[in-house]
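Colleague: I should be grateful for a close look at one part of this model, namely the packing of its interior. Please begin with a single residue and work outwards from there.

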Amino acid sequence: MVRILFVCHGNICRSPMAEFIMKDIVKREGFPDQFRIASAATSTEEIWNGVGSPIYGPAQRQLQQHGIDYDKNKRARLLERRDYDRFDLLIGMDERNRKNMQRLFRGDPEGKVNLILDYTDHPREVSDPWYTGNFERAWADIYEGCGALLRYLLENGGL
């Protein structure tokens, strides 16, 4: 089983989109039982009194527009140090996410921390649609990254 945790700043836009896009892709490709996929935040901004915010409306709409099922009860959750041992890959959306993960994990001795678009032919960051307002661009980048990640795992014996 491959255990993947997608990570972004607040866990209400990019990382939950990646979680549900990846779940959809592996289901369509016939691998749903070979993955455990989740998402988390590096910040507590979307977690109040222990309760996380739901997926942000425009991110939900992107999932809906593209026919992706998602858990409507999904709530933001904070990345924890123990996640390093609980997941095989910890996939951030931008360099700030990567740096925050490496700080929390006190490094990355097993090389588990990467960015989602590192697996593509054109590595780059997924810009935060919370600030840009461009949820379609974030969708396209995340979809590209999830597809490339699955290809990488298939080609490199990850499955």
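Modeller: Leaving aside residues up to four places away in sequence, Met22 touches Ile4, Phe6, Phe35, Ile37, Cys146, Leu149 and Leu150. The model is a predicted one, and the contacts described here are computed from it.

Met22 belongs to the largest nonpolar core, a set of 39 residues, and is one of the five that touch the most other members, together with Ile4, Phe6, Phe35 and Ile116. At least two residues of this core come from each of strand 1, helix 1, strand 2, helix 2, strand 5 and helix 6. Helix 6 provides the largest share, with nine residues. Such a grouping may be set beside a general tendency: in soluble globular proteins, nonpolar side chains tend to be buried together. Apart from this core there is a second, separate one of eleven residues, among them Ala38, Ala40, Phe87 and Val113.

Helix 6 deserves attention next. It comprises residues 135–155 and lies across strand 1, strand 2 and strand 5, running at about 150 degrees to strand 1. At 1.5 Å a residue, its 21 residues should span 30 Å, and the end C-alpha atoms are indeed 30 Å apart, so the two values agree. Cys146, Leu149 and Leu150, which touch Met22, are among the buried residues of helix 6, as are Phe135, Trp139, Ile142 and Leu153. Buried positions in helix 6 also include Asp141, Gly145 and Gly147. The elements against which the buried residues of helix 6 pack are strand 1, helix 1, strand 2, helix 2, strand 5 and helix 5 (129–132). After helix 6 comes Gly157, with a positive phi near 70 degrees.

Helix 2 (residues 57–65) has Pro58, Ala59, Gln62 and Leu63 buried. Viewed down the axis of helix 2, these buried residues fall within an arc of 145 degrees, and therefore they line one face of the helix. The spacing has a general basis: an α-helix has 3.6 residues a turn, so residues three or four places apart point the same way. The cover over the buried residues of helix 2 includes helix 1 (14–28) and helix 6. Helix 2, too, is followed by a glycine with positive phi, Gly67, at near 70 degrees.

The strands form an open sheet of four, in the order 2-1-5-6, with parallel pairing. Strand 2 (35–41) and strand 6 (113–115) are at the edges with a single partner strand each, so one side of each has no neighbour in the sheet. From one strand to the next, the twist averages 25 degrees. Strand 5 (residues 89–92) runs parallel to strand 6 and is joined to it by three bridges; Gly92 has Leu115 of strand 6 as its bridge partner. Helix 4 (residues 95–104) packs on the sheet, touching strand 1 (2–8), strand 5 and strand 6, and its direction makes about 175 degrees with that of strand 6.

Finally, strand 1 also contains Arg3. At 24% relative accessibility, Arg3 counts as partly exposed, because the buried class is limited to residues under 20%. Setting aside residues up to four places away in sequence, Arg3 touches Arg36, Asp85, Arg86, Phe87, Asp88 and Leu89. Its C-alpha atom is separated by 8.8 Å from that of Leu90, although Arg3 and Leu90 are 87 residues apart along the chain.

How values were computed. Residues are numbered from 1 along each chain as its sequence is written. This is a predicted model: local features need pLDDT of at least 70, side-chain atom pairs count only at pLDDT 80 or more; totals for chains, interfaces and linings use all residues. Side-chain values use heavy atoms; hydrogens and water are left out. Two strands pair if DSSP finds at least two bridges between them. Axes are lines fitted to C-alpha atoms, for helices over the stretch in contact, and angles run from 0 to 180 degrees between N-to-C directions. Contact means heavy atoms within 4.5 Å. Buried means under 20% relative accessible area, exposed over 50%, partly exposed in between (1.4 Å probe, protein chains only). The arc is that of the directions from the helix axis to the C-beta atoms. A nonpolar core is a set of buried Ala, Val, Leu, Ile, Met, Phe, Trp, Tyr and Cys residues joined through side-chain atoms within 4.5 Å. The expected span of a helix is 1.5 Å times one less than its number of residues.
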